[in-house]
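Colleague: I have the sequence and the fold open on my screen, and I would like to talk through the pockets with you. Shall we begin?

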Amino acid sequence: MSESTRAILARLDTPTPADGTTRPQRSRPRPRVASRPRDYCRAGLHKLEGDNIRITRRSNGGTDRECRACLRDRKRAQRKANPASLVPPDPVPCRECGGMIGPRIFGYSGWVLSGADGLCEVCYDRPRLQKYLADYRRWDQETRRKKSSSATRARYLLQRILVDGRAFHPDPDLTHGTGHTYGKFGCRCAACSKWKSDDNKARRERDKTDRSTAA
């Protein structure tokens, strides 16, 4: 007789409790976890109302509500654990093209090297853009019509070169230092990067003014 058969027979021979139940009663009741109110965040600390609600849209068309106070606390903890670098790092060569990777400002992290994984911005973005255009050529005509703007931008980004350690679009007709050149052509020269920095600063000031007005 196998071990599994002996185990089954042993459970069958176990005496049944007097109350007729098939399993022994717990010695102590399991503590019940208090449910959080529906209008509070997942942590149950902040009420989701007014400016404390951040609504994000999912890929399936649905929406998620996020607590801005919890998000702020997480960001503060991350910044405390990783202090910002106030000194620009020294340029290093790209391990693919050999060009020198320059530094850039990255939010609260301070100075970092542009690109990632030892690659400059141009080399790092190239595989993703080439894959997107390859998929674009395989799509049907209706899908390509809807995605034509994204495909055009991917072609513009593939035309960039590395200048002074940053991605630069060499089109002579472009006016650098504008949102059009920064967004559509992906230029990250000094003038375009400064425009983006000023735009982010102005947006934060507008949000601050709107919140104070609403309060």
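Colleague: Which element gives the most to the lining of the second largest pocket?

Modeller: Happy to help; please keep in mind that this is a predicted model. Two elements, strand 2 (63-67) and helix 2, each supply at least two residues of that lining. With four residues, the element that gives the most is strand 2.

Colleague: Which residues are the closest to the centre of the second largest pocket?

Modeller: This pocket holds about 320 Å³ of space. Its lining has 13 residues, which divide into six nonpolar, no polar and seven charged. Closest to the centre are Cys41, Arg42, Arg65, Glu66 and Cys67.

Colleague: Now for the largest pocket: which residues lie nearest its centre?

Modeller: The largest pocket has a volume of about 1800 Å³. Its lining is made up of 43 residues. Those that lie nearest the centre are Gly107, Tyr108, Asn200, Arg203 and Arg204.

Colleague: Which element gives the most to the lining of the largest pocket?

Modeller: Several elements give two or more residues there, among them helix 2 (68-81), strand 5 (103-105) and helix 3 (121-138). Helix 5 (148-158) and helix 7 (190-214) belong to that list too. The one that gives the most, with 11 residues, is helix 7.

Colleague: And how many charged residues does the lining of the largest pocket have?

Modeller: Let us sort the lining by class. There are 10 nonpolar residues and 12 polar ones. The number of charged residues is 21.

Note on methods
Residues numbered from 1 in each chain as written. Predicted model: local features only at pLDDT ≥ 70, side-chain atom pairs only at ≥ 80, totals over all residues. Heavy atoms only, no water. 1 Å grid on protein atoms, 1.4 Å probe; cavity = no way out; pocket = protein on both sides within 12 Å on 5 of 7 lines; lining within 4 Å. Points joined across faces, edges and corners; volume = space filled by probe spheres on them. Nonpolar A, V, L, I, M, F, W, Y, C, P; charged D, E, K, R; others polar.
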